[in-house]
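Work through the two exercises below with the sequence and the model at hand. Each task is followed by a stepwise solution.

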Amino acid sequence: MKKHVIFIFCLLCISTYAAAQKAISEQMALTAMDKLFKDARFTNAEKGPTWTYDMGVVLEGMAEVWRNTGDATYFNYIQNWMDRYVAEDGEIRNYRATEYNIDHVKNGRSLLLLYKVTGRQKYLKASEKLYAQLKTHPRTHEGGFWHKKVYPYQMWLDGLYMAQPFYTEYAALMNIPSIYDDVVNQFTYMESHARDTKTGLLYHGWDESKQERWADPNTGLSKHFWGRGMGWFAMALVDVLDNFPEDHPRRGELVGILRRTLNAAAKFQDPKTGVWYDVIDLGKREGNYVEASASSMFVYAMAKAVRKGYVKPSFQKHVQKGYAGLLKEFVTPAGPDRVDLNRVVEVSGLGGKKYRDGSFAYYMSEPIRTNDPKGVGAFILASSEVEFAESPQPKNKVLVTLDNFYNKEFKKSPSGRMEPYHYLWNGDDNNGFSLLGRIFEQHGGALHTLPDAPTSQNLAKSKIYLIVDPDTEKETAKPNFMTEAQAKEIANWVHKGGVLVLFSNDVGNCEISKFNILPQQFGITFNEDSRNKVKGDQFEMGAIEIPAGTGIFDRTKKIYIKEISTMQVKQPAKAVVQDNGDNIIVSAKYGKGTVFAIGDPWLYNEYTDGRKLPAEYQNFEAAHELVSWLIKQTK
């Protein structure tokens, strides 16, 4: 079954959802906002909210819903919570590094997100404190992080999720390459000690000292395979790989561990319900039950692994079956645009004051909750990932290349290095294209950046090529201006079937006169003007109405673009959108190829992520429609 059918299939499992207005991920997110973190641990003004990983899991889900929807409600929820903890100097309320609790590192991912998007230094300073904990965190003799100071010499599966995704992302942001080997080591240590060779499953915990009562005196291992523990481990792997260098010699080791973990989990997917038991391998044992958080974690990790190509596409059958099972077994309506998640085990651990001996009876004794944050966060992640894969996909991935030659600005990164920035795929700030890149991926695109002048050779595999805001001399000391020869190379590529996207800018912010050599190949000339000059938050000054019948935008009615260059057109170009006699959006068919042009970078994060524009402006929706249209032009 094709990926875009999965969600519809799953909704039919619960007829109540068939007419739902919002995606299931949003319904769960709205329930979380309504019901979670309302008790005294989080509302006591004097003591302040408890710094807990439970919240971090929910905030991870909120971030994905925000990215999928462009609705700032979800981003603001993350920021509002973190602002209750983080002072301007980066101090974190109710966090104590000297506890050496690996769980307390989890929320660092939310801090890094906030820093990357907003640029506010307090979030970076706070994340530095969590990194400082890891630098001195106690370790086993071979180098594995202890789960907690109060659990000496112990590694638990949970701990890999709590620290490693943050540790890896911090390494990438701050340019600390030595961390990458340490990250791989953490996973290899855990797997080498905890993996059962017969089943491939991983035991919940390992005690190097073999002194704990729950530990086997010979192996140091706990007694059982806890579902959520393996779920944490699997999620850690797929999230770490997001920021782990593609060319690192040990990346393959992480992918190998992920595959072994998911293959083992798949073998114990309950054939009747499609989900997983709390103690994963003892489904037939009396008292055991299918559990929502572990099941959500496996669906999320599997779905993401399929999308990223870490496992074979045939693995999709486990995702489909698992997600249908999540909806049928655990999810119930909870009012308009709300759902509840049932049968989430509250917590399971090893040792401690109220001693947890790791026996089957112990796991079965832990309370089961509705809407426990750990399950809610994992379910939001799982449903967001499945929903992300809904869009119709081309038969083969479409290589989408973004120019970084004509637009080649640099700025100092947090690590102190000068790095490329401005309208790039990896930019999460206002001027980045991270959301646009994500939309391309959602519709079947594979992202690429071209730092060199375009040639027939380096464009050969590209199906779509974007050139955005060519540099002026005030922006770059030695800008790369368009040449006649380069324009001919690009035009020949388009003639053979390439799809060229030109996002210019207004005069003064973009080199237009020399750049026009290229669009004039297709009957397009950017005017050296500046229209839609917006004063402050008078957004209506940048409003453009989208007429019916454009052939590109069916649902989009109104967009926002400011300080733009208009265009002159002649054959083969034609106007797609006009306003007061000005050509705002233009397209052209040229040989077998297509050109799309607009006088503004308009789909950068500032105007797609929902945090600035009023809801009436549909730039996020327009991005989806444009990307879908561009992908179709490559056929």
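**Exercise 1.** Determine which residues of H2 meet which residues of H4, and how the two helices pack.

*Solution.*
1. List the contacts (heavy atoms within 4.5 Å). Ser25, Glu26, Ala29, Ala32 and Met33 in H2 meet Val58, Met62, Val65 and Thr69 in H4.
2. Note the basis. This is a predicted model: local features need pLDDT of at least 70, side-chain atom pairs count only at pLDDT 80 or more, and totals for chains, interfaces and linings use all residues. Residues are numbered from 1 along each chain as its sequence is written, and side-chain values use heavy atoms, leaving out hydrogens and water.
3. Take the geometry. H2 (residues 24-35) and H4 (residues 53-69) pack at about 135°, and their axes lie 10 Å apart.
4. Classify the angle. H2 and H4 are therefore oblique to each other (neither under 35 degrees, nor over 145, nor 65 to 115).

**Exercise 2.** Place strand S11 among its partners and decide whether its faces are covered.

*Solution.*
1. Pair the strands (at least two DSSP bridges). S7 (residues 398-403) runs parallel to S11 and is joined to S11 by three bridges. Leu402 has Leu466 of S11 as its bridge partner.
2. Go to S12 (residues 499-503). S11 and S12 pair in the parallel sense over five bridges. Val501 in S12 stands opposite Leu466.
3. Trace the connection. From S11 the chain passes through helix H17 (residues 484-495) to S12.
4. Check burial (under 20% relative accessible area, 1.4 Å probe, protein chains only). Five of the five residues of S11 (residues 464-468) are buried. Ile464, Leu466 and Val468 cover one side, Tyr465 and Ile467 the other, so both faces are covered.

Technical notes
Buried means under 20% relative accessible area, exposed over 50%, partly exposed in between (1.4 Å probe, protein chains only). Helices (H or I, at least four residues) and strands (E, at least two) are DSSP runs, numbered from the N terminus. A crossover is right-handed if, with the strands pointing away from the viewer, the path from the first strand over the helix to the second runs clockwise. Axes are lines fitted to C-alpha atoms, for helices over the stretch in contact, and angles run from 0 to 180 degrees between N-to-C directions.
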